[in-house]
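Hello,

Here is the structure I promised to pass on to you. Have a look at it first, and then read on for what turned up in it.

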Amino acid sequence: QVQLVESGGGLVQAGGSLRLSCAASGRTFSSYAMGWFRQAPGKEREFVATITWFGYSTDYADSVKGRFTISRDNAKNTGYLEMNSLQPEDTAVYYCAAGVGRRSSNYKLWGQGTQVTVSS
């Protein structure tokens, strides 16, 4: 069983950058596609980005396309979400998860989340 632990969240000013990490333990990380989701207060959890098993294919929500980059290093059992040009509307708890596609129901294993706060 893979366990996922996010890190790298924090407080940043609008226009700034953060890099989130998702460290996996347990079974071989490369066996899983992974994704990032986020949930803002009072809103439903939404898809952010996903990457396939070996990183050959990625997909992004329109709201983050061109600003965020998802990647993974299977040798380090770690996934990443590089976030640039952050805006206040990006404020949310960010979760990494093992699964595929844009639907959260496709993801069976989740991390505990890391808070990202963007000030205006």
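Does Arg102 count as buried, partly exposed or exposed, and at what relative accessibility? Arg102 counts as partly exposed, because its relative accessibility is 41%. Before going further, please keep in mind that this is a predicted model.

Arg102 is a good place to start, as this residue has a charged partner. Its side chain forms a salt bridge with Asp59, and the closest N and O atoms are 2.6 Å apart. The two come from distant parts of the chain: Arg102 is in the loop between strand 9 and strand 10 (109-110), while Asp59 belongs to strand 6 (residues 58-60), 43 residues apart. Asp59 is partly exposed too, with a relative accessibility of 28%, where the partly exposed range runs between 20% and 50%.

That pair is one of five salt bridges in the count. Another part of the picture is a network of salt bridges that links Arg38, Glu46, Arg67 and Asp90. Two of the contacts in it involve Arg38:

- With Glu46, Arg38 makes a side-chain salt bridge of 2.6 Å, N to O.
- With Asp90, Arg38 forms a salt bridge whose closest N and O atoms are 2.9 Å apart.

The second contact spans a long stretch of sequence. Asp90 sits in the loop between strand 8 (78-83) and strand 9 (92-98), and Arg38 is in strand 4 (residues 34-39), so this pair ties together parts that are 52 residues apart in sequence.

How accessible are these partners? Arg38 has a relative accessible area of 5%, so it is buried, since buried means under 20%. Asp90 is buried as well. Glu46, on the other hand, counts as partly exposed because its relative accessibility is 36%.

Now for the sheet. Four strands form an open sheet in the order 1-3-8-7, and their pairing is antiparallel. At its edges are strand 1 (3-7) and strand 7 (68-73), each of which pairs on one side only. From one strand to the next, the twist averages 15°.

If you want to follow one pairing in the viewer, try strand 1 with strand 3 (residues 18-25): they pair in the antiparallel sense over five bridges. Within this pairing, Leu4 stands opposite Ala24 in strand 3.

I hope this gives you an easy way in. Do write back with any questions.

Best wishes

Notes
Residues are numbered from 1 along each chain as its sequence is written. This is a predicted model: local features need pLDDT of at least 70, side-chain atom pairs count only at pLDDT 80 or more; totals for chains, interfaces and linings use all residues. Side-chain values use heavy atoms; hydrogens and water are left out. Two strands pair if DSSP finds at least two bridges between them. Axes are lines fitted to C-alpha atoms, for helices over the stretch in contact, and angles run from 0 to 180 degrees between N-to-C directions. A salt bridge is a side-chain nitrogen of Lys or Arg within 4 Å of a carboxyl oxygen of Asp or Glu. Buried means under 20% relative accessible area, exposed over 50%, partly exposed in between (1.4 Å probe, protein chains only).
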